[in-house]
Amino acid sequence: MKVGRLATLLSPQTHKPPLPPNQAFPPTQSHPPFPDATVLSSALQSYINSDNPSPGQKIHAHILKSGFRPNNNISIKLLILHLKCGSLKYARQMFDELPARTLSSYNYLISGNLKHGQVEESLSLVRRLVLSGERPDGYTFSMILKASTCNGNVAALPTSLGRMVHAQIIKSDVEGDDVLYTALVASYIKNGRVGYARRVFDLMLDKNIVCSTSIISGYMSQGSVEDAEDIFRRTVEKDVVVFNAMIEGYSKSVGSAKKSIEMGSALLDMYSKCGRVEDARRIFDHMPQRNVFSWTSMIDGYGKNGYSDDALELFGVMQKEYQIKPNFVTFLSALSACGHAGLVDKGLEIFESMKRDYSIKPTMEHYACMVDLLGRAGRLSQAWEFAKGMPVQPNSDVWAALLSSSTVHGDIEMARIASNELFKLNPDSRPGAYISFSNNLAAAGNWDSLLWTRGGHCKQDLWLDSRKISKLMTAPAQDNVQVANDLCGSRSYSAAIDSWSFVHIKAVRWAQL
C-alpha cells in the first residue's frame, strides 16, 4: 500500500473515499505495511470526535489486513468508534478481543448498548464486570439505574433495585456526581419512591433542571401539588420540559385543571412572542386539555413568526378534528397569517366563513386586517372598494392600513386618498401618517405637492426664514433642535409635527442639489 493512500485513509479531513469502493487495497501488494500506532490513535480519535465517524471504520479493515496487533488504547478507541457508528456487533467483537478489559471498556459497552435499547445486554455486562473482580464506579452505577428506568421488553427487575444500588454506592464509597444523583432520583421516581428521591435531591449542591423536573413529576403524580410548586419556584433556570411537567401535573389534579390551561396558554404566548415557535408547539402538544384560547395562541404564534401554512393548517384541524368553535380573535389571527403569506383568496374565504358559518360580526380590526391583506398583495383598488363598502364608517386603522400598503407599493394617488380620509377623521391622532405620506411624495420627487401637504394640514402656512434654513444646514445637530423649536413656536402638536417634517424635507432636498 502506498504511503499516500495510507495518509488519505488516516486523515479525517478528507471527504472523498480513500480507495475505490470495489478495491479495499491495491492488488499488487498482498500485505500492507504496518501502520504507526501513534498515527492510528490520532486518526481514530479524530473520527470519534467528528460528526461523520463511519469512514473511520476502514481503519479497522486496514489493521486486520496488515496483521497489526493493536494495543489496548487503540482497541478501546476502535470499540468507541464502532459504538458511535451503531455497530454493536463489531464493538462487542473488539471488547472480547481486548488484551485486558478495563473498567472504562465495560462502561463504554454498557452505555452503548443502553443507547441502542439493549437493556438486557447491558445488565449482563454489569454482572460480568462484577464477576471479573472490577469495582463499578459512579458511571457504572448510573448506567444500572438508567437500565432500571428503561421501558421495553426487559425481564422484570425488582422495584427495590434503586435502593439496592444506592446502598452499594454508599458501601463502595463512590463519590457522587450530577449524573449519578440524577439517575438515582429518576429511579426512585419511577418506582414511586418520591420521599427517597427528595432526600437525594436535597443532597445535591447544584440541582439541575433534569432532577427538578423528575421531582415535580413525582410529586404531581401523587397529587402533592404544593410540593411540586415549591420545587418549581426554587428552580432557577426553567425550560419547556419543566413547564410541561407542571402543566401535566395540574391537569391530573381535580382542582387545578383550569390552572393547567391558563398556564399553558400563557406559556404559548410567551414563547411565540420570543420567536421560539418550536418550544411553543411542544407546550401546546403536551397540554392535556386545550380550549379556544390555547388554539388561538398557537395559531397567532405561527402567523406572527412567518409560519402561515402551519397556522392555517392548525386553524383547520381545530375546527374539523376537534370541533372547537373559533372566536373573533382566532379569526383575526388566521386573517393576519393570510396577510403575511399573501394568501388573498384564503383570507377572503375565512372572512366570509366567519359571518356565514359562525355568525360572528366582523369588528373594525377584522376589516382593517382585510384591507391590509388586500393592500399587501398589491390589490389597492380592491382594498379601497372593500373599505368604502363597509357597513360601518371605517376608522383610522382601516385607512392607515391602506396608506401603509400604498406607501409600500409606491402608489402616490392611493396614498393621497387614504391620507385624506385619515386626516378627516382626526388630524391629531396619527402624526406618523403625515410623515409616511410626505416620505412617499419625497421618494417620488413630488416636492411641490409635498410642501402643499405640509402647509395645508397645518391649517396655516409654514414659511421658513432663509436665514434660519441656512443656520439649519450649517449648525450642529443639537442647535438644529432649537431652530425647529423656533419654527414651531406655539403651534398645536400636529402643526409642530409638520414643522419638524418641513424642516427635515427642505434640508434633505437642498442637500441633494
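Is Glu-421 buried or exposed? In this predicted model, Glu-421 has a relative accessibility of 17%, so it counts as buried, the cut-off for that class being under 20%. This residue makes a handy starting point, and the wider setting comes next.

The protein is built from 29 helices and has zero strands. It consists of 513 residues, and 46% of them count as buried. About 26900 Å² of the protein is exposed, with carbon and sulfur atoms supplying 52% of that area. Among the contacts with a separation of 6 or more, 61% join residues that stand 24 or more positions apart.

Charged side chains offer a good way to explore the model. Side chains of opposite charge can pair when their charged atoms come close. A search of the whole structure turns up 16 salt bridges, and three of these pairs can be followed in turn.

The pair that involves Glu-421 comes first here. The side chain of Glu-421 meets that of Lys-424 in a salt bridge, with 3.8 Å from N to O. That value fits the cut-off for a salt bridge, which is within 4 Å. Where do Lys-424 and Glu-421 sit in the fold? Both belong to helix α24, which covers residues 412–425, and because they are three residues apart, about one helical turn separates them. The two partners can also be described by their accessibility. Lys-424 is exposed, with a relative accessible area of 62%, whereas Glu-421, at 17%, is buried.

A second pair is found in helix α15, which spans residues 257–273. Here Asp-269 and Lys-273 form a salt bridge with an N to O distance of 3.1 Å. The two residues are four residues apart, about one turn of the helix. Asp-269 is partly exposed, as its relative accessible area is 30%, while Lys-273 reaches 66% and is exposed.

The third pair lies in helix α5, residues 88–96. Arg-92 forms a salt bridge with Asp-96, and their closest N and O atoms are 3.2 Å apart. Again the partners are four residues apart, about one turn of the helix. Arg-92 is partly exposed at 24% relative accessible area, and Asp-96 is partly exposed at 36%. Which residues are linked with Arg-92 and Asp-96 in a network of salt bridges? The answer is Glu-121 and Arg-128, so that four residues are joined in the network.

Negative charges also gather on the surface. Asp-173, Glu-175, Asp-177, Asp-178 and Asp-206 make up a patch of negative charge there. One of these residues, Asp-177, lies in the loop that runs between α9 (161–171) and α10 (178–190). Its relative accessibility is 39%, so Asp-177 counts as partly exposed. Residues in such a patch need over 30% relative accessible area and no salt bridge, and the 39% of Asp-177 satisfies the first of these conditions.

Another acidic residue, Glu-229, shows a further setting. Glu-229 is part of helix α13, residues 225–234. It is buried, with a relative accessible area of 17%. What does Glu-229 touch, not counting residues up to four places away in sequence? Its contacts are Met-246, Tyr-250 and Lys-259.

The backbone has details of its own. Gln-323 has a phi near 50°, a positive value in a residue other than glycine. Gln-323 is placed in the loop between α18 (308–320) and α19 (328–341), and it is exposed, with a relative accessible area of 59%. Ser-359 also has a positive phi, about 55°, although it is not a glycine. Ser-359 belongs to the loop between α20 (344–356) and α21 (364–376). At 64% relative accessibility, Ser-359 counts as exposed.

Finally, Leu-203 is found in helix α11, residues 194–203. Leu-203 has a relative accessible area of 57% and is therefore exposed, since the cut-off for that class is over 50%. Leu-203 and Gly-176 are 27 residues apart along the chain, and a distance of 9.9 Å separates their C-alpha atoms.

Conventions
Residues are numbered from 1 along each chain as its sequence is written. This is a predicted model: local features need pLDDT of at least 70, side-chain atom pairs count only at pLDDT 80 or more; totals for chains, interfaces and linings use all residues. Side-chain values use heavy atoms; hydrogens and water are left out. Patches are made of residues with over 30% relative accessible area and no salt bridge: like charges are joined within 9 Å, nonpolar side chains (Val, Leu, Ile, Met, Phe, Trp, Tyr) within 5 Å. Accessible areas come from the Shrake-Rupley method with a 1.4 Å probe; for residues, only the protein chains shown count as cover. Lys and Arg count as positive and Asp and Glu as negative; His and the chain ends are not counted. The place of a charge is taken as NZ of Lys, CZ of Arg, CG of Asp or CD of Glu. Buried means under 20% relative accessible area, exposed over 50%, partly exposed in between (1.4 Å probe, protein chains only). Contact means heavy atoms within 4.5 Å.
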